[in-house]
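I opened my notebook for a look at side chains and how they pair. Here is the model I had on screen.

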Amino acid sequence: DSTILEERPRPKDEPVVLNWMWVSMVLNGAVLSLVIIIVYIIALMYYCDGQVMQEAIKDLPDYDSKLMDARTVAFISLVWAENIRAYCSRSFN
């Protein structure tokens, strides 16, 4: 915006992060966490022969590789979700 420097600064007693921003950040974090946990559980069920609990997964042959695959799926999902969130948060003006 070409007139941004002409605007008055915010008052000194106004916080940088307003209450509605805190609510938005907490809700975004909660939704993202829930989605990634669900993706991880689905990836565990896919790669670990339907097992989700640690005791059952440890009994599987080559369980280290299977856990690594499920963790990789969850991490890639998290990175993609953050990239999409960052793109949607930008200003298009």
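Is E82 buried, exposed or partly exposed? I looked it up in this predicted model, and E82 counts as partly exposed, at 28% relative accessibility.

**Entry 1: the charged pairs**

I went on to ask what E82 pairs with. E82 forms a salt bridge with R85, and their closest N and O atoms are 2.9 Å apart. Both residues sit in helix α3, three residues apart, so about one helical turn separates them. I checked R85 too: at 39% relative accessibility, R85 counts as partly exposed.

How many salt bridges are there by this rule? I counted two. D49 and K66 form a salt bridge as well, with 3.2 Å between the closest N and O atoms. D49 lies in the loop between α1 and α2 (54-58), while K66 belongs to helix α3, so this pair ties together parts that are 17 residues apart in sequence. K66 has 18% relative accessibility and counts as buried, because the cut-off for buried is under 20%. My reminder to self: side chains of opposite charge can pair when their charged atoms come close.

**Entry 2: the core**

Next I looked for the largest nonpolar core. I found seven residues in it: A43, L44, C48, I57, L60, L67 and A70. The elements giving two or more residues to this core are α1 (19-47) and α3 (63-89).

I then picked L44 and listed its contacts, leaving aside its neighbours within four places in sequence. L44 touches I57, L67 and A70, three names I had just written down as core members. L44 is also in contact with D49, G50, Q51 and V52. D49 was familiar to me by then, as the salt-bridge partner of K66.

**Entry 3: the rings**

How many aromatic pairs does the rule give? I noted one. Y46 and Y47 have ring centres 4.9 Å apart and planes at 90°, so the pair is edge-to-face. I looked up how each ring-bearing residue is placed: Y46 is exposed, at 64% relative accessible area, whereas Y47 is partly exposed, at 29%.

**Entry 4: the cysteines**

I closed with the sulfurs. How many disulfides does the structure hold? I found zero. C48, one of the core residues, is buried with a relative accessible area of 0%. C88, on the other hand, counts as exposed at 58% relative accessibility.

How values were computed. Residues are numbered from 1 along each chain as its sequence is written. This is a predicted model: local features need pLDDT of at least 70, side-chain atom pairs count only at pLDDT 80 or more; totals for chains, interfaces and linings use all residues. Side-chain values use heavy atoms; hydrogens and water are left out. A nonpolar core is a set of buried Ala, Val, Leu, Ile, Met, Phe, Trp, Tyr and Cys residues joined through side-chain atoms within 4.5 Å. Buried means under 20% relative accessible area, exposed over 50%, partly exposed in between (1.4 Å probe, protein chains only). Helices (H or I, at least four residues) and strands (E, at least two) are DSSP runs, numbered from the N terminus. Contact means heavy atoms within 4.5 Å. A salt bridge is a side-chain nitrogen of Lys or Arg within 4 Å of a carboxyl oxygen of Asp or Glu. Rings of Phe, Tyr and Trp (its six-membered ring) pair if their centres lie within 6.5 Å; planes under 30 degrees apart count as stacked, over 60 as edge-to-face and the rest as tilted. A disulfide is a pair of cysteine sulfur atoms within 2.5 Å.
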